[in-house]
Amino acid sequence: MYIYKRLRDLREDKDKKQETIALVLNISRQQYQLYESGKRELPMHHFIKLAQYYNVSLDYLAGLTDTPKKLY
C-alpha cells in the first residue's frame with residue numbers, strides 16, 4: 001500500500017531511524033518495522049501521532065493527496 005512507502009519516505013527525509021519513530025509511538029523497533037513494511041496494519045492512534053510528529057495532514061500520510069499540508 002501507498003501509506004507504508006510514505007511512512008518510510010517521511011522517516012528517511014527527516015533522517016530518522018526506525019528506532020526513533022518507535023520511541024515516538026512507544027513501541028519496539030520491530031513492531032514499527034512491521035508497520036512500515038506493510039506486514040501489520042497501522043492503528044489509527046499511531047497514524048494520528050505520526051501525522052502530528054511529521055506535521056503533515058492525515059490525507060497526505062494516507063496517500064490521498066501529494067501535497068503535505070502542514071497541521072500548524
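## Salt bridges and a helix pair

The side chain of aspartate 66 meets that of arginine 6 in a salt bridge, 3.2 Å from N to O. Keep in mind that this is a predicted model.

**Exercise 1.** Work out where the two partners sit along the chain, and whether each is buried or exposed.

*Solution.*
- Step 1: Find the places. Aspartate 66 lies in the segment after helix H5 (58–62), and arginine 6 lies in helix H1, so the pair links distant parts of the chain, 60 residues apart.
- Step 2: Check aspartate 66. Its relative accessibility is 59%, and exposed means over 50%, so aspartate 66 counts as exposed.
- Step 3: Check arginine 6. Its value is 7%, and buried means under 20%, so arginine 6 counts as buried.

**Exercise 2.** Now take the salt bridge between arginine 11 and glutamate 36: which helices does the pair link?

*Solution.*
- Step 1: Look at the gap. The closest N and O atoms are 2.8 Å apart.
- Step 2: Name the helices. Arginine 11 belongs to helix H1 and glutamate 36 to helix H3 (residues 29–37), with their positions 25 residues apart.
- Step 3: Check the cover. Both arginine 11 and glutamate 36 are buried.

**Exercise 3.** Describe how helix H1 (residues 2–13) packs against H4.

*Solution.*
- Step 1: Get the geometry. The two axes come within 12 Å and cross at roughly 35°.
- Step 2: Add the handedness. H1 passes H4 in a left-handed crossing.
- Step 3: List the contacts. H1 brings Ile3, Leu7, Leu10 and Arg11, while H4 brings Phe47, Leu50 and Tyr54.

Key. Residues are numbered from 1 along each chain as its sequence is written. This is a predicted model: local features need pLDDT of at least 70, side-chain atom pairs count only at pLDDT 80 or more; totals for chains, interfaces and linings use all residues. Side-chain values use heavy atoms; hydrogens and water are left out. Axes are lines fitted to C-alpha atoms, for helices over the stretch in contact, and angles run from 0 to 180 degrees between N-to-C directions. Helices (H or I, at least four residues) and strands (E, at least two) are DSSP runs, numbered from the N terminus. A crossing is left-handed if the near helix is turned anticlockwise from the far one by less than a right angle, and right-handed if clockwise. Contact means heavy atoms within 4.5 Å. A salt bridge is a side-chain nitrogen of Lys or Arg within 4 Å of a carboxyl oxygen of Asp or Glu. Buried means under 20% relative accessible area, exposed over 50%, partly exposed in between (1.4 Å probe, protein chains only).
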